[in-house]
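Reader: I have a model open and want to learn how to read it. Where do I start?

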Amino acid sequence: MNRTDRLLAIVLELQGKRSQRAEDLARTFETSVRTIYRDIRALGEAGVPLIATPGRGYALIAGYFLPPLSFTPDEAAMLLLGSEVMARRFDAQYRAAAQSAGRKIAGVLPEKIQDAVRTLRERIHVGIEGGGLAPEVAEKLRQLRRAIEQTVAVRFVYHTRYPAAPNAQSPQTREADPYALGYLQNAWYLTGYCHLRHDVRRFRLDRMEEVTPLERTFARPANLPPRGRDLAGPDGFAVRVRFDAAVVRWVREAPSFYTTAEEQMPDGALLVTLRVRQADEVTQWLLGWGRHVRVLEPETLRQRIAAEAAALLDHHAATLPPIKRPTSGPASGEER
């Protein structure tokens, strides 16, 4: 990014946020703090009204806005493609807003750029699984979005695939303080404080029923991770697994959301580290790799995977001929 583009981008960054420290701007634009200081001074000399507050950084004087911006064909195409994706994956109100925004962007583009954008949109397709958001999920999304905006708690019935306690029942009635919504792996999730578990948890919307906003309000914590992604945090635990070389390409093609690190081994195997709050967050993903994966730690998860595999074998054993097991050498997927 050249300096002219960076100066404009700094103003846009300050216009979109209340204040930014020089360190934050340097991190955003991948440059030094000293360069940001020079850029801020140049903007001031050019007449951009900036305020510097010790400890808080720089901000624009209230009421200052840049004139309308022009888009390149690539920028306009990305905005329109993004609006199409959001229109298919949000509730009715935000879907209408995304469609309206797309029409406004397309309507103000010069004719020459409209032709270029039309060509790009014809040649770039963003694949979205399924036929759009299910009506029942869209309604829950609308209710939870409003609860987040109004900081009110919600009650719902939740279906848990693997209850935390051996004798726990599913579904259970839960109450939660909703913090954020996220779209991950073709499903919407709610991140919030669960009053049953006394911890921050994530709930999949299509497993929720009877969503009801409560009259009780809550204070949103100030130290939540950005966009609610790092859900495990310091209270989670690490999972280490080893994948055979034969499936490394496919593991990297379809990684778990909880993956935090990978290490390629000399024999081609892959060591993967994940961080989770509950074992069931990765149990099904691990089982899906069959004999090509081995859990190294924790021991409790290794035992759980072994128990699930044994139960699967017992379930099918009645209709299978006797299974011949190898008499020498390590089984595929075992440590060598």
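Author: Start with the inventory. This is a predicted model. The protein has ten helices and eleven strands.

Reader: How much of the protein counts as buried?

Author: Of its 336 residues, 35% are buried. The accessible surface is about 20900 Å². Carbon and sulfur atoms hold 52% of that surface.

Reader: What do the contacts say about sequence separation?

Author: Take contacts between residues at least 6 apart in sequence. Of these, 60% join residues at least 24 apart.

Reader: Now the sheet. In which order do the five strands of the open sheet lie?

Author: Read across the sheet: 6-5-4-3-7, with antiparallel pairing. An edge strand pairs on one side only; here the edges are strand 6 (199-204) and strand 7 (208-217). Neighbouring strands are turned by 45 degrees against each other on average, direction ignored.

Reader: How many bridges join strand 3 to strand 7?

Author: Five, and the two strands run antiparallel. Strand 3 covers residues 152-158. For one register point, look at Val-154: Pro-213 in strand 7 stands opposite.

Reader: Which helix packs on this sheet?

Author: Helix 7, residues 135-150. This helix touches strand 3, strand 4 (172-184), strand 5 (187-194) and strand 7. The directions of helix 7 and strand 4 make about 95 degrees.

Reader: Why does the length of helix 7 agree with what its 16 residues should span?

Author: Count 1.5 Å a residue. The 16 residues should then span 22 Å, and the end C-alpha atoms are 23 Å apart, so the two agree.

Reader: Which residues of helix 7 are buried?

Author: Val-137, Ala-138, Lys-140, Leu-141, Gln-143, Leu-144, Arg-145 and Ala-147. Thr-151 follows the helix, with a positive phi near 45 degrees.

Reader: What is the general idea behind a nonpolar core?

Author: In soluble globular proteins, nonpolar side chains tend to be buried together. The largest nonpolar core here has 21 residues. Val-241, Phe-243, Leu-274, Leu-286 and Leu-301 touch the most other members.

Reader: Which elements each supply at least two residues of this core?

Author: Strand 8 (237-243), helix 8 (248-253), strand 10 (270-276), helix 9 (280-287), strand 11 (293-297) and helix 10 (299-317). Strand 10 gives the largest share, four residues.

Reader: What is Leu-301 in contact with, leaving aside neighbours within four places in sequence?

Author: Val-239, Ala-279, Val-282, Thr-283, Leu-286 and Val-295.

Reader: Which residues does the second, separate core include?

Author: Among its 17 residues are Leu-144, Val-154, Phe-156 and Phe-203. You have met two already: Leu-144 is a buried residue of helix 7, and Val-154 stands opposite Pro-213.

Key. Residues numbered from 1 in each chain as written. Predicted model: local features only at pLDDT ≥ 70, side-chain atom pairs only at ≥ 80, totals over all residues. Heavy atoms only, no water. Pairing = 2+ DSSP bridges. Axes fitted to C-alpha atoms, helices over the stretch in contact; angles between N-to-C directions. Contact = heavy atoms within 4.5 Å. Expected span 1.5 Å × (residues − 1). Buried < 20%, exposed > 50% of the residue type's maximum accessible area, 1.4 Å probe, protein only. Areas by Shrake-Rupley, 256 points an atom, 1.4 Å probe, with all protein chains shown as cover. Core = buried A, V, L, I, M, F, W, Y, C linked by side-chain atoms within 4.5 Å.
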